[in-house]
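Work through the exercises below with the model open. Each task is followed by its solution.

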Amino acid sequence: MPIDESVRKAVLGAVPSLRAFAISLCGNVDRADDLVQETLLRALANIDSFQPGTNMSAWLFTILRNHFRSEYRKRRREVEDSDGHYADTLKSQPEQYGQVEFREFREALAQLPSDQREALILVGASGFSYEEAANICGCAVGTIKSRVNRARTRLAELMNVHSAEDFGPDEQTRAVLAGGE
Amino acid sequence: MEAAARKKTNAKPAKLGREVQARLGQQLRAMYDEVVGQGVPDRFNDLLNRLDGNGNKDRQ
């Protein structure tokens with residue numbers, strides 16, 4: 001299967017963001033990388049169904065998301081409740097997700113229902129529009145908007161943040177640093 | 001984070017202040033970008049090289 005150079009570039013270019021999304025879905029770096037690998041294999045095997053000129057990244061996200069839904073969630077439900085298990089995974093392996101500094105935030109994120117979490121990540125972190133996120137998740141734009149709103153509200157509740165002052169001094173410093181873009 | 005917070009789910013959510021939303025958004029992006037900043041692990045370059053090299057032996 002010779003890979004067209006432009007396809008190769010687009011696919012590899014999407015990998016960092018696909019990994020970040022996959023980690024947010026399954027909460028574990030190793031499983032996330034497997035998920036990304038399976039996504040790339042599927043995408044390249046079906047590259048003919050990709051419409052040139054459309055957003056390759058959104059197409060890959062859709063494949064990853066659907067694959068995760070059909071395979072990983074099924075598998076995990078056999079073990080135990082998915083969201084509870086996800087939260088436990090994060091707590092037991094904080095170093096796998098990244099550094100310890102976003103721990104409180106990560107734990108709150110892990111407690112969101114998975115449809116709210118994925119909507120929030122796609123719109124708030126991956127940089128997709130509401131329309132693109134709706135296409136990726138196969139639902140209406142209004143549904144994505146309401147999931148994102150509920151996710152934000154719930155996150156603030158979980159972190160017990162009601163006003164900007166509720167962010168500790170550390171968080172405030174970090175927010176300033178992170179906001180320097 | 002525990003029972004008390006969970007109970008609130010049923011309450012009508014208050015509108016979040018713009019600043020709180022902005023702060024939460026910054027944390028979310030910072031966490032996400034930490035992974036993005038790791039770039040492309042070798043296994044994915046290797047994978048594409050392997051697939052590309054298999055062009056003539058493609059059995060599908």
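The expected span of a helix is 1.5 Å times one less than its number of residues. Helices (H or I, at least four residues) and strands (E, at least two) are DSSP runs, numbered from the N terminus. The model is predicted: local features need pLDDT of at least 70, side-chain atom pairs count only at pLDDT 80 or more, and totals for chains, interfaces and linings use all residues. Residues are numbered from 1 along each chain as its sequence is written, with chains lettered from A and ligands numbered from 1 in the order in which they are written.

**Exercise 1. Compare the expected span of helix α9 of chain A with its end-to-end distance.**

Step 1. α9(A) covers residues 141-158, which is 18 residues.
Step 2. At 1.5 Å a residue, the span should be 26 Å.
Step 3. The end C-alpha atoms are 26 Å apart, so the two agree.
Step 4. Look past the helix: A:N160 follows, and its phi is positive, near 60°.

**Exercise 2. Repeat the check for α2(A), then find which of its residues are buried.**

Step 1. α2(A) has 17 residues, 29-45, and should span 24 Å. Its end C-alpha atoms are 24 Å apart, which agrees.
Step 2. Apply the burial cut-offs: buried means 20 or more other C-beta atoms within 10 Å of a residue's own, exposed 12 or fewer, partly exposed in between, with C-beta atoms placed from the backbone.
Step 3. The buried residues are A:A32, A:L35, A:V36, A:T39, A:L40 and A:A43.
Step 4. They cover an arc of only 140° around the axis (taken from the directions from the helix axis to the C-beta atoms), so they lie on the same side of α2(A).
Step 5. On the other side, A:D30 and A:A45 are exposed.

**Exercise 3. At what angle do the axes of α1(A) and α2(A) cross?**

Step 1. Axes are lines fitted to C-alpha atoms, for helices over the stretch in contact; angles run from 0 to 180 degrees between N-to-C directions.
Step 2. The axes come within 8 Å and cross at roughly 135°.
Step 3. That makes α1(A) oblique to α2(A). Under 35 degrees counts as roughly parallel, over 145 as roughly antiparallel, 65 to 115 as roughly perpendicular and the rest as oblique.

**Exercise 4. Why is A:V36 classed as buried, and which residues does A:V36 touch?**

Step 1. A:V36 lies in α2(A).
Step 2. A:V36 is buried because 26 other C-beta atoms lie within 10 Å.
Step 3. Contact requires C-beta atoms, placed from the backbone, within 7 Å.
Step 4. Not counting residues up to four places away in sequence, A:V36 touches A:V15, A:L18, A:R19, A:A22 and A:L64.

Key
Two residues are in contact if their C-beta atoms, placed from the backbone, lie within 7 Å.
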